[in-house]
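Work through the exercises below with the structure open. Each task is followed by a solution in steps.

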Amino acid sequence: MPSQTQPAGPPLGVGILGAGPVTQAIHLPALARLRDILEVRHIMDVDESLAASVAARVGATSSSSMDALLGDDAVDIVAICSPHQFHAEQVIAACRAGKKAVLCEKPFAMNAGEAARISEVSAETGVPIVVGAMHTFDPGWLAAERHCEDLPETAHTIRSSIVLPPNARFEDFATEIVTRPAAGTPDYADIDVIKAMMQGGIMGLAIHDLPLVRRFTPDFKDIQVLQARHVRPFGYAISLRTPTRTIELRAAMNSTWQPEWSFEAIADHSALRIDFTPSYVQAGSATATFSRGTETTTFGPYSHNGYEGEWRELAELARGTKQPPSAQTLIDDLTFALAIADATVDSVAADHHRRPGPIAATAGASA
C-alpha cells in the first residue's frame, strides 16, 4: 500500500483560483477527506456570487480578485483551476507571492516559452509546482511503475483508451453548484471547429495519460502522426509512431453509461494494463495488472485516487518533507502534449484539404 501523509502540525491553508465544476466536484471532495492536513480557506472566482456560494459550503473566504487570494496569509497552497490561458500568469504570481506550493490544472502553460518562464520563477523562488495530471499520482499507477521491470525500455505498443459520458453528466451528479458555457451544436463541416475540438481533445482529455505514455517512450521527441480522426460528438482516434514505438490514443464521449479508461503498455514478453476510475468519480484508485509470461501481478485498488494523491504530494512539498518534481519533467510532459496536439491538428487539416467535406465519424460505444 502506498504511504500516506501523516499530520505534521496544523492543517495547511488552501486557496483555489476558479470555482467551477473541477473545484466543486473534484478538489473539494478530495480535500474534505484530508481535513487533518489541508483546509480550504479562500476561493476566488471572477463570478463573485459563484465564489461566495462555493466558499460557503466549506466555510472559506471568497473573493473575485486573484490579488486578494494571493495576499491572504491564511493561504499556504494555491490551486489554479481557471481557464487555460490564465495558468502561466497565475502560477508565476503565486510563486512570487511566497506561497509554499502551487497546484496547476493541466496544461500549466500554453507553449514552451511560458513553460520556461514558469520553470525559471519556480527555481528563483523555490516554490514547488505540481501539475494536476491526476493519473501520475494514482497509487495504482505508482505501484505498477515501481514493479513493471524493463517494460519502459522494451514496450513496442502504448495505448490510451477512454470511453465516457459527457462531463456534464458527471458534473451534475457530483456537485450542487455548476456554471459552464452555453452549449451549441458544432458545425462538423467547418475545419476550424474540428481543429479546435481535436486540440481540445488532446490538451483536455488525452493529456491525463500523456505523461504515462511518455514514460514508456524514450524516443518521444521523434513522434509522427500516422492518422488523426475526429470522433463525434467529442473524441478522437489517433495513431502515432516513433522509431521504436506505436502509440494509439482513442476517446469517445457519448451516451454510454459503461465508462472505461484504460492505459496499456505491451512488449514481446510482458504487458501492463491499468484501469482508471472515470474523472469526477471519487471511487478509489486504479487497478493495475502486470503480466510476464504466465505470471500476473495485480496492484490495487487502493483507498484513494490520483486527485487525493496529488493533494497528499502538495502537503509534503509545502512542509518540505519531499523533494519537488523536476521542472524539466513538467516541461517535457507539456512539450510532448503540445507536439502531439499540433501534429494532430496539422494532420486533420491536411486530410480536410485532400478530401473536402465532413470528416468526422460517429462514435460507437467502443470507438
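**Exercise 1. In which helix is Asp333 found?** Then decide how it is classed by accessibility and list its contacts.

Solution. The model is predicted, and every value here is computed from it.
- Step 1. Asp333 belongs to helix H12.
- Step 2. The relative accessibility of Asp333 is 13%, so this residue counts as buried. The cut-off applied is under 20%.
- Step 3. With neighbours up to four places away in sequence set aside, Asp333 contacts Pro211, Arg214 and Arg215.
- Step 4. One of these partners, Arg214, has a further feature: it lies over the face of Phe220, 4.9 Å from the ring centre.

**Exercise 2. Describe the chain as a whole.**

Solution.
- Step 1. Count the secondary structure: the chain has twelve helices and 15 strands.
- Step 2. Take the burial: of the 367 residues, 54% are buried.
- Step 3. Take the surface: the accessible area is about 15,600 Å², and carbon and sulfur atoms hold 51% of it.
- Step 4. Take the contacts: among those with a separation of 6 or more, 70% join residues 24 or more positions apart.

**Exercise 3. Classify the ring pairs of Trp141, and state which parts of the chain they connect.**

Solution.
- Step 1. The structure contains four aromatic pairs.
- Step 2. For Trp141 and Phe216, the ring centres are 6.2 Å apart and the planes meet at 65°, so this pair is edge-to-face. The class requires an angle over 60 degrees.
- Step 3. Trp141 sits in helix H6 (residues 139-147), while Phe216 sits in the loop between helix H10 (210-215) and strand S8 (224-232); the pair therefore ties together parts 75 residues apart in sequence.
- Step 4. For Trp141 and Phe263, the centres are 6.4 Å apart and the planes are at 85°, so this pair is edge-to-face too.
- Step 5. Phe263 is in strand S11 (residues 260-266) and Trp141 in helix H6, so the second pair ties together parts 122 residues apart in sequence.
- Step 6. Check the burial. Trp141 has 3% relative accessibility and therefore counts as buried. Phe263 is buried at 0%, and Phe216 is buried as well.
- Step 7. Ring pairs thus join Trp141, Phe216 and Phe263 into a cluster.

**Exercise 4. Which residues touch the most other members of the largest nonpolar core, and why does this core lie between two domains?**

Solution.
- Step 1. The core has 110 residues, and those touching the most other members are Leu38, Phe216, Leu249 and Trp311.
- Step 2. Helix H12 (residues 327-354) gives the largest share of this core, nine residues.
- Step 3. Both domain 1 (12-131) and domain 2 (136-354) contribute residues, so the core lies between them.
- Step 4. Take Trp311 as an example. Apart from neighbours within four places in sequence, its contacts are Val14, His27, Ala30, Leu31, Leu34, Leu38, Ile77, Ala79 and Leu103.
- Step 5. As background, nonpolar side chains in soluble globular proteins tend to be buried together.

**Exercise 5. Is Leu69 buried or exposed?** Give its place and its contacts.

Solution.
- Step 1. Leu69 is in helix H3 (residues 66-70).
- Step 2. Its relative accessible area is 0%, so Leu69 is buried.
- Step 3. Beyond four places in sequence, Leu69 touches ten residues' worth of listed partners, including Gly15, Ile16, Leu17, His42 and Lys99.- Step 4. The C-alpha atoms of Leu69 and Ala97 are 10.0 Å apart, and the two residues are 28 residues apart along the chain.

**Exercise 6. Find the backbone exceptions.**

Solution.
- Step 1. Start from the general rule: most residues other than glycine have a negative phi, and most peptide bonds are trans.
- Step 2. The bond from Lys106 to Pro107 is cis, with omega near -10°. Pro107 is in the loop between strand S5 (101-104) and helix H5 (112-125).
- Step 3. The bond between Gly300 and Pro301 is also cis, with omega about 0°. Pro301 is in the loop between strand S14 (295-299) and helix H11 (306-319).
- Step 4. Pro301 is one of the residues that Ser285 touches. Ser285 has 4% relative accessibility and so counts as buried.
- Step 5. Glu149 is not a glycine, yet its phi is positive, about 55°. Glu149 is in the loop between H6 and helix H7 (151-154), and at 53% relative accessibility it counts as exposed.

How values were computed:
Residues numbered from 1 in each chain as written. Predicted model: local features only at pLDDT ≥ 70, side-chain atom pairs only at ≥ 80, totals over all residues. Heavy atoms only, no water. Phe/Tyr/Trp six-rings, centres within 6.5 Å; stacked < 30°, edge-to-face > 60°. Helix = DSSP H or I, 4+ residues; strand = E, 2+ residues; numbered from the N terminus. Buried < 20%, exposed > 50% of the residue type's maximum accessible area, 1.4 Å probe, protein only. Lys NZ or Arg CZ within 6 Å of the ring centre and 35° of its normal. Contact = heavy atoms within 4.5 Å. Areas by Shrake-Rupley, 256 points an atom, 1.4 Å probe, with all protein chains shown as cover. Core = buried A, V, L, I, M, F, W, Y, C linked by side-chain atoms within 4.5 Å. Domains from an automatic or database assignment.
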